[in-house]
Structures are given as C-alpha cells and as structure tokens.
Amino acid sequence: PVFAVMVAALCAAALCGASVLLPSPDSRGIAEGSVPKPGGGVRKFWVAPEVTRIADELWTAAEAEANSTLLNWERQLLGNSSSWTTLGKRVQEEVEATAAAAAAGITAAGCVGCVACWAWLWGGRERFIGDVLPRVSSKGQVTVMAPVLRSDPMDGGLFVMGNASLASREFVPLPAGAGLVHGYDLPVGFEVLNGSALVLKISFVPAAACEARAVPWLRPAAAAGDADAQVALAAVVRRGSAGEAQDHTEATQLLHQAAEAGHEHAAYLYSQALAAGRGVDKDAAAATTWLKRAADAGDPLALLQYAGALQAGKAEAGEDGAKVEAFRLLARAATVERLPEAQYRLGDQYMQMSKSFRKSAEHMYYLAAEAGVVRAMTKYGALLARKGPKYVQEGIRWLTQAQDARDPEATYEIAVLHEKGIGFDRDEAVALDFYTLAEAQGSKRAEGSLQRLKYELVRKMAEKGSAKAKKAFAELEELRMEL
C-alpha cells in the first residue's frame, strides 16, 4: 500500500506544468484567460503587451535611488517622496494605455500604481513570488506582474492556479515584453527551475485607497458572495488593518460563508477558528469535520494537519486505516504541494521504514532544509556526516547552520562528531563542551551522552593515577551501583 501511495502522489505531481491555452489577442494585442472560481464563476486574467517597458523604467528608477541590488524590495509609489509620486503617476498613465486597458472589467476608474515589488528568483530553489496558497492579496485591486530580466536559457515561468492545490497550477506563456494583469482574486506566482529572473509586481488601487492603505473593493464583493473576497476581507478584519476594525466574529463568519461556497482554504481557516474558539464557540468535532473537508478538497495545509490528526488518533480513519491514510495525505502534501514541513515529516516516516527508504528520507530532508526547516537541516546534516568522507564536510555545514539557528539537536550531533573523530580531530574535551551546551539548550539525548562521557573521562584520568580522579571515579561507581 505504501508503494501504491507513493506512485499515486508522484503521478499527481506530474499534473503540474501544463500551459494555459489563451485565445488570439484582440486588436490591442491583449489576450484574456480564466480559471474556475470557488463557488462558481471564473478568475480572469489578461496577457498584455508593453508591460516590460514600464517595468524597465521602474527598475531603472529604483536602481538610481537605491544604488544597490534589490532583493524582495518593496516601495510605495505614491507617498512622501515627490520623485516617487511623479513616477507613480507616470506608471498610471502608461498602464492606462496598456495593461489597465485589459482589466477594464475588474478595475475601478481612477486606479493608480500604488506599490511596486521586485524579487530576484534563482533556479534550483523552491522560490515563488506571489501567492502559492489560495490567499488573495489585499495590496491591490489589480496587479501587473512581469519578468523584467531573464537569463538565457531559463526554465519555469509565470503560473496561475484554479484552486488550492499546486496540481492546478498552469503556466502562462508570455510573449517578449508582455506581462500578466489580474484581479485580487487570482493566485499567481513565478517559479524559476533553472536560470534566473527579475520579476516585478505593481499593485493598483483607487488613489484615495493608496494614500489610506485601504481595501474598499473587498467588502462589496464579499457582500455579493465572492468567496475570494470573503477570505481576503476576513484576513483584514481579523488583523484590524487597512482601515477595518478588528472583529474576530465577523472574520470567522466570512470564512464560514466562503467555506460553505466551496473555497478550500476558507474551509481550512474556518476549522482553525473552530478549534481555537476564535470568533465562534470552540468545537473540536466541527473543527475536525471542516479540516477533513478542506483536506478532501486538496488544501495543502489541511492535508498536512489532517495527516497529523490521523497519526495522533484524533480523526476517524477510512477503510485503509489511519497509518496508510495519513501517509497518503503526507506524501501528497510533500510531493505535490511541496510544503516544507510535510517534506520534513515525510522524511521522518521514511526513516522509520526499512533501509531501502533511506535515500528517500535524505531527499525529503534536503528539500525541507533548503526551504529553511531547521530540524531538517539537522537530520540531513547528520545523515551526510555519517554517509562517508565524501559527504562529511557538507553534513557539518548543514549542522553548523542548524546550530546557528539554536537547534539543540544540531549541537548534540556536532558533539558526537567531535567525540568520534568524524570530520574533526577526535577530541573528547571539545565533545564534552558541545554536549554541555546541547543539554543546556534542551537536548534530551545530550543529557545521557554528557554523563557517559564525564564518566569515561574521569575513569581514564583515574587510570593515569590522578588522586582526585580516583576519588571521583570511586564515588561515581558507588552511585552507579546504587542506581
């Protein structure tokens, strides 16, 4: 059953990467596309020409002001700086003539370029710009997204999603110079598999909303039954941001409405509100019901959490049993949805299997470690360090990185390497220092190893004739016999 689950998960993963088939561009050179919307309807988007030229102007202006390479850099285009206000107005004029013309059906009159964000993306790392999970941005009523610079070659590109699962991801072909224009409701991102790209996002809102950092378009859409708007408004109301008063009850009611309409991520968020009693009476049974509903619909976070509930015996399993069902959900969350925490936990699952699954565990730990999961760095580093001389220094690098992030188990593993002389000169005194530090940091394994090594060091000193060591060793032996 485990092998069948793995095959199914990998087959599902192969669904990623299809391209959206867009109709022929209209007289303005604009092509319109759409993906299904939770609760009915569609999320529209447009591929518009000339966007990269606008992006180039913004990037040039940004470099001139910052005098440095910008990474994940964001700037309010309309604000206190007169130069940026002027630039924002010019962007508005440019987009009115090109990209905004495509979005006439979703944008309000008088929208201005409000926030610009750049990000360098490099291949080989699971990095995205945009919302991978079906959250909708409250920064813009309309967003323009375009690659400004691309290496040659570059594999990957811009994608849109129809639902919560990455299996619904479809890449959108962008002609040279073109960009994507979309409303607040479309999950969109850019992934680079090989090569690199500089990607720009510009968020457009009504001028008054830009100055106030408000989101006036969400409430009317939510009231009209738009599930995406309900989820976005719930997030704003829960935080009490963007000019909205904080109200957990209203936020939870909005999530309930969206969940009932079939919004997968809303069902997950509503289950969390029920479990915590946030804005609604606490109800563990109802929380589990909604969590399962979200997992069945493919929400990535729900898959991960429901797998944990099955493993802990807090959810009722199907005919395959809790162990197999939990593994299936975890495998999908790790391989299809590529959630780092799921990859880490799947690595743990593989480690509990036969040695033939050790490489699978190592790969899952690597993916999670690359994504920043500190515990995965420790386990991946420990596996490499014990794999052989060829891999030991790479293992030590990962362990050191995890130790810098204050993982006590990484400190413990480094102590073991010093004690055994793996990758370091064998030095029990140095190992003792690391065991002591690991114990102070909270490592349970370090406690036993520390006492064992102290005993061995005292014994060796006693054998060399140290009077103090002999006395201490005799006391330790007496205590050991009593225990």
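**Figure 1. Salt bridge between arginine 43 and aspartate 228 in the predicted model.** The closest N and O atoms of arginine 43 and aspartate 228 are 2.7 Å apart. Arginine 43 belongs to strand β3 (residues 42–48), and aspartate 228 belongs to helix α7 (residues 227–239). The pair thereby links distant parts of the chain, its two members being 185 residues apart. Both arginine 43 and aspartate 228 are buried.

**Figure 2. The salt-bridge network that includes Arg43 and Asp228.** Besides Arg43 and Asp228, the network comprises Lys37, Asp185 and Asp226. In the whole model, the count of salt bridges comes to 21.

**Figure 3. Salt bridge between arginine 169 and glutamate 191.** Here the closest N and O atoms are 2.5 Å apart. Arginine 169 is situated in the loop between β8 (155–160) and β9 (170–171), whereas glutamate 191 is part of strand β11 (residues 188–194), so the salt bridge ties together parts that are 22 residues apart in sequence. Is arginine 169 buried or exposed? Its relative accessible area is 6%, and arginine 169 is therefore buried, the cut-off for this class being under 20%. Glutamate 191 is likewise buried, with a relative accessible area of 1%.

**Figure 4. Salt bridge between glutamate 394 and arginine 397 within helix α16.** The closest N and O atoms of glutamate 394 and arginine 397 are 2.8 Å apart. Both residues lie in helix α16 (residues 392–404), where a spacing of three residues corresponds to about one turn of the helix. Glutamate 394 has a relative accessible area of 35% and is therefore partly exposed. For arginine 397 the relative accessible area is 40%, and this residue too is partly exposed. Both values fall in the class between the cut-offs of 20% and 50%.

**Figure 5. Surroundings of glutamine 403 in helix α16.** Glutamine 403 is buried, its relative accessible area being 18%. This value classes glutamine 403 as buried because the cut-off is under 20%. Which residues are in contact with glutamine 403, leaving aside its neighbours within four places in sequence? They are Ala410, Thr411, Ile414, Phe434 and Leu437. Glutamine 403 thus shares helix α16 with glutamate 394 and arginine 397; glutamine 403 is buried, whereas glutamate 394 and arginine 397 are partly exposed.

Notes:
Residues are numbered from 1 along each chain as its sequence is written. This is a predicted model: local features need pLDDT of at least 70, side-chain atom pairs count only at pLDDT 80 or more; totals for chains, interfaces and linings use all residues. Side-chain values use heavy atoms; hydrogens and water are left out. A salt bridge is a side-chain nitrogen of Lys or Arg within 4 Å of a carboxyl oxygen of Asp or Glu. Helices (H or I, at least four residues) and strands (E, at least two) are DSSP runs, numbered from the N terminus. Buried means under 20% relative accessible area, exposed over 50%, partly exposed in between (1.4 Å probe, protein chains only). Contact means heavy atoms within 4.5 Å.
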